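Biologist: Would you please take a close look at one part of this model and describe it for a first-year student? I should like to understand how its pieces fit together, one step at a time.

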Amino acid sequence: MNPWSDKATQFLTVLLKIVIVSGAFFVIYHKLSADPQLSWTSFREALQKIAHPGMIFVLFALTFSNRFLEILKWQNLGSTLRPLSLWESTKQVLAALTAGLFTPNGIGEYAGKAFYFPKKEAGQVVFLNLICNGIQMVLTVVFGTIGLFILGYSEWAWGVIALATAMGLLFYFTQKITLKGYSFHFLYTKIQALPKLVHQKNNLLALGRYLIFSHQYYFLFRAFEVHLPYATLMGAIAAVYFMASSLPSFQFLDFAVKGSVALFFFGKLGVDDWTVVFISTLMWLMNVVVPVLLGSYFILIFKPQWASTSASD
């Protein structure tokens, strides 16, 4: 390999690391310092409401479990390509989350994980990531639709069911149509080729992660003295998560998107806007900011598989 080309690759890799990590820190700082809805004095007062040791333990356990189950999901799927340790899966998931911070709906996560594998396996890594995220989206739609029914938005719920049915029929009748060598049938065949045990474990972990994430919301609302019935509160949380996930957005704007959708649904239930804003802030801090800060470290120590593969060719 040309030594100058190798040096250029190393320089661009270092530059990309600096850009990603610097950008991540800037986005977090800007969001927390520039949002007119956030007052740090009020925020500290709000935190005192959940400063009970029991509540802190529950929230910490749920936050850790939420990301840990995602790490287990990727270890389960990534191990179909090569043996993947828990530590390797942790590095890949957190680094990919950081890399996906600036891309629409976290698309950058796909590339972030692919760089940890040889270039020839990039397509398979993207496919496995689709499986990993796809089941999470399916659960979001199912529970979100149930949530819409619970809240009385029956027309919206039936609209979702009609759309899902139409997409299923479209998939069925067009599965054999080929575009550049690919088709829905080809995708279905690849999905079916994965071991059943891998699918079962992925589905179970995805369900666990959904329940954990939604109950993070639930316990925060309880801590802020929102005393809605369990079914109503969980229905609203499911509807918020579904509607927010359906909108095109960037990871660093996830805070604003989920917050605005939450204001709509919980406002209809009589929950104070200030409470909704601060709960959305805490959810963003726990589930995005903390993992991104950890992922920034893995970005900085990252050694791309592609570069090492090319060098050995």
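Modeller: E225 is exposed, because its relative accessible area is 57% and the cut-off for that word is over 50%. Please keep in mind that this is a predicted model. E225 sits in the loop that joins helix 9 to helix 10 (230-246). The backbone of E225 has a phi near 60 degrees, a positive value in a residue that is not glycine. This deserves notice because most residues other than glycine have a negative phi.

From that loop we may step back into helix 9, the part I propose to examine. Helix 9 covers residues 196-223. The whole chain provides the setting: it has 13 helices and zero strands, so its pattern along the sequence is simply α-α-α-α-α-α-α-α-α-α-α-α-α. The chain has 313 residues, of which 46% count as buried. Among the contacts with a separation of 6 or more, 73% join residues 24 or more positions apart. The packing of helix 9 against two other helices will supply examples of residues that meet across the sequence.

Let us begin with helix 3. Two packed helices are described by the angle between their axes and the distance between the axes. For helix 3 and helix 9, the angle is about 160 degrees and the axes are 9 Å apart. Helix 3 is therefore roughly antiparallel to helix 9, since angles over 145 degrees are given that name. The residues that form the contact of helix 3 with helix 9 comprise 15 nonpolar, eight polar and five charged ones. The crossing of helix 3 past helix 9 is left-handed.

Two residues of helix 3 show this in detail. E70 belongs to helix 3, which spans residues 53-78. At a relative accessible area of 4%, E70 is buried, because the limit for that class is under 20%. The side chain of E70 makes a polar contact with the side chain of R209, at 3.0 Å. R209 also appears among the residues of helix 9 that meet helix 6. Apart from residues up to four places away in sequence, E70 touches V93, K113, C132, N133, Q136 and R209.

L77 is also placed in helix 3. With a relative accessible area of 1%, L77 is buried. Its contacts, again without residues up to four places away, are L128, I131, C132, V198 and N202. The C-alpha atom of L77 is separated by 10.0 Å from that of P195, although the two residues are 118 apart along the chain.

Helix 6, which covers residues 122-151, is the second partner, and it packs against helix 9 at an angle of about 50 degrees, with the axes 9 Å apart. Helix 6 and helix 9 are therefore oblique to each other. Their crossing is right-handed. On the side of helix 6, the residues are I131, C132, I135, Q136, L139, T140, F143 and G144, and these meet H199, N202, N203, A206, L207, R209 and Y210 of helix 9. Sorted by class, this contact has eight nonpolar, six polar and one charged residues.

C132 and Q136 of helix 6 have been named before, among the residues that E70 touches. N202 of helix 9 has likewise been named, as a contact of L77.

Two further residues of helix 6 complete the view. V138 has its place in helix 6, and at 47% relative accessibility it counts as partly exposed. The C-alpha atoms of V138 and A206 are separated by 9.7 Å, and their positions lie 68 residues apart in the numbering. G147 is in helix 6 too, and it is buried, with a relative accessible area of 1%. The contacts of G147, not counting residues up to four places away, are G235 and A238. The C-alpha atoms of G147 and M234 are separated by 7.3 Å, with the two residues 87 apart along the chain.

One last residue may be added for comparison. Q92 lies in helix 4, which runs over residues 86-99. Its relative accessibility is 0%, so Q92 counts as buried. Beyond its neighbours within four places in sequence, Q92 is in contact with W74, R82, L84, K113, Y116 and F117. K113 is also one of the residues that E70 touches.

Definitions and conventions. Residues numbered from 1 in each chain as written. Predicted model: local features only at pLDDT ≥ 70, side-chain atom pairs only at ≥ 80, totals over all residues. Heavy atoms only, no water. Helix = DSSP H or I, 4+ residues; strand = E, 2+ residues; numbered from the N terminus. Buried < 20%, exposed > 50% of the residue type's maximum accessible area, 1.4 Å probe, protein only. Polar contact = N/O pair within 3.5 Å; in protein donor to acceptor, adjacent residues only side chain to side chain. Contact = heavy atoms within 4.5 Å. Axes fitted to C-alpha atoms, helices over the stretch in contact; angles between N-to-C directions. Parallel < 35°, antiparallel > 145°, perpendicular 65-115°, else oblique. Left-handed = near helix turned anticlockwise from the far one by under 90°. Nonpolar A, V, L, I, M, F, W, Y, C, P; charged D, E, K, R; others polar.
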